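Reader: I'm new to this one, and I'd like to hear the reasoning behind the labels. Can you take me through it?

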Amino acid sequence: MTKTINTSNCVDTDALHTPVFTRLRNKRVVLASGSPRRVEILASVGLRPEVVPSQFQEDLPKNEFIGEGVHEYPVQTASHKAMEVYKRLVEQRPESPPDLVIAADTIVVSGDEILEKPADKLDNLRMLADLNGRSCIAMTGVAIVHPTLMSPGFKVRTLVEKTDLKFADTEARLLQAYVDSEEGLDRAGGFAIQGRGSLLIKGIQGDYNNVVGFPLFSFYALLDELIDNEELDLEGTN
């Protein structure tokens with residue numbers, strides 16, 4: 001089936017007819033990420049936001065997020081990314097501010113260690129060796145920013161989604177072969193579950209899209225709740 005896309009609209013014409021998509025039609029929706037995985041996940045349900053990668057350095061000190069507070073790390077990173085893009089776009093075009101800015105940050109948590117993207121192939125191999133035969137958690141923080149009439153002129157809403165993963169007990173030559181493919185170098189935890197990295201993973205419990213990089217179900221549920229409770233002021237067109 002061929003999708004009909006209106007380049008002036010972030011919502012495909014054949015997207016589901018629900019309050020969320022109706023309210024987003026003809027709005028300026030921005031994704032504060034250059035991740036092709038996040039773009040693809042949103043496009044799968046007919047949402048095609050303007051892509052403006054955040055310039056936030058993503059350098060929050062990990063030692064401040066330990067134990068049960070680890071989930072705040074991706075939430076805080078996503079919030080900083082979303083706010084940076086929102087403020088920058090408002091400054092550049094005050095007459096056309098974004099109606100909604102979306103940002104996300106995905107990490108893998110193994111024991112007490114927060115795993116982001118590996119620094120190089122050696123670091124990638126270290127990560128996968130540590131994960132081999134063990135369980136870990138893929139965690140994505142999502143932040144949305146939208147304008148309000150109250151100071152400071154915008155509001156940030158957040159969520160975090162967790163997915164349990166079980167790595168197979170993989171032989172060393174397969175781990176090395178995967179590292180040599182370089183697929184995992186720009187992925188949190190050093191693997192891509194949607195690619196060759198699936199050969200390393202024995203089981204998953206939770207949202208698959210969350211591991212890829214964006215918890216679509218939880219994101220949609222948050223927008224739906226905010227619109228239903230009239231906390232997100234978006235007047236869309238049918």
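Reader: Which elements do the buried residues of H2 pack against?

Author: Bear in mind that this is a predicted model. The buried residues of H2 pack against strand E1 (29-31), helix H3 (72-92), E3, H6 and H7. The residues in question are Arg37, Arg38, Ile41, Leu42 and Ala43.

Reader: What does H2 have to do with the largest pocket?

Author: Helix H2 (36-43) supplies at least two residues of its lining, and so do strand E3 (100-110) and helix H6 (208-212). Arg37 and Arg38 are among the residues that lie nearest the pocket's centre, along with Thr106, Lys117 and Asp186. The lining has 27 residues in total, and the pocket's volume is about 520 Å³.

Reader: How do the residues of that lining divide by class?

Author: Eleven are nonpolar, seven polar and nine charged. Arg, Lys and Asp count as charged under the rule used here, so Arg37, Arg38, Lys117 and Asp186 fall in the charged class.

Reader: And what lines the second largest pocket?

Author: That one has 14 lining residues, with His146, Pro147, Thr148, Asp233 and Leu234 nearest its centre. Its space comes to about 250 Å³. Strand E5 (135-147) and strand E6 (154-167) each give at least two residues to the lining. By class, the lining has four nonpolar, two polar and eight charged residues.

Reader: Why is Thr148 called partly exposed?

Author: Its relative accessibility is 25%. Buried would need a value under 20%, and exposed one over 50%. Thr148 sits in between, so it counts as partly exposed. You'll find Thr148 in the loop between E5 and E6, where it touches Gly153, Phe154 and Lys155, leaving out residues up to four places away in sequence. That loop also holds Pro152, and the peptide bond leading from Ser151 to Pro152 is cis, with omega near 10°.

Reader: Why does Thr170 count as buried?

Author: For Thr170 the relative accessibility is 10%. The limit for buried is under 20%, so Thr170 passes. Thr170 is in the loop between E6 and H5, in contact with Asn132, Leu175 and Leu200 once neighbours within four places in sequence are set aside.

Reader: What makes Phe21 and Tyr220 a tilted aromatic pair?

Author: By the rule used here, there are five aromatic pairs. In this one, the ring centres of Phe21 and Tyr220 are 5.8 Å apart, with 35° between the planes. The centres have to lie within 6.5 Å, and that fits; stacked needs planes under 30 degrees apart and edge-to-face over 60, so 35° leaves tilted. The pair links distant parts of the chain: Phe21 is in helix H1 (residues 19-24) and Tyr220 in helix H7 (residues 216-228), 199 residues apart. Phe21 is buried, at 5% relative accessible area, whereas Tyr220 is partly exposed, at 27%.

Reader: Then why is the pair of Phe214 and Phe219 called edge-to-face?

Author: Their planes are 65° apart and their centres 5.1 Å apart. An angle over 60 degrees counts as edge-to-face, so that's the label it gets. Both Phe214 and Phe219 are buried.

Reader: Which residues touch the most other members of the largest nonpolar core?

Author: Leu24, Phe191, Phe214 and Phe219 do, out of 46 residues in that core. H7 gives the core its largest share, six residues. Leaving out residues up to four places away in sequence, Phe191 touches Val108, Leu128, Leu131, Leu165, Phe167, Tyr178, Gly184, Ile201 and Val211. There's also a second, separate core of 13 residues, which includes Leu89, Ala103, Ala143 and Val145.

Reader: Why would residues like these gather?

Author: In soluble globular proteins, nonpolar side chains tend to be buried together.

Reader: Last one: which residues have a positive phi without being glycine?

Author: Asn26 and Glu58 are two examples, with phi near 60° for Asn26 and about 55° for Glu58. Asn26 is in the loop between H1 and E1, and Glu58 is in the loop between strand E2 (50-51) and H3. Asn26 has a relative accessible area of 48% and Glu58 one of 32%. Neither value is under 20% or over 50%, so both residues are partly exposed.

Conventions
Residues numbered from 1 in each chain as written. Predicted model: local features only at pLDDT ≥ 70, side-chain atom pairs only at ≥ 80, totals over all residues. Heavy atoms only, no water. 1 Å grid on protein atoms, 1.4 Å probe; cavity = no way out; pocket = protein on both sides within 12 Å on 5 of 7 lines; lining within 4 Å. Points joined across faces, edges and corners; volume = space filled by probe spheres on them. Helix = DSSP H or I, 4+ residues; strand = E, 2+ residues; numbered from the N terminus. Phe/Tyr/Trp six-rings, centres within 6.5 Å; stacked < 30°, edge-to-face > 60°. Buried < 20%, exposed > 50% of the residue type's maximum accessible area, 1.4 Å probe, protein only. Core = buried A, V, L, I, M, F, W, Y, C linked by side-chain atoms within 4.5 Å. Contact = heavy atoms within 4.5 Å.
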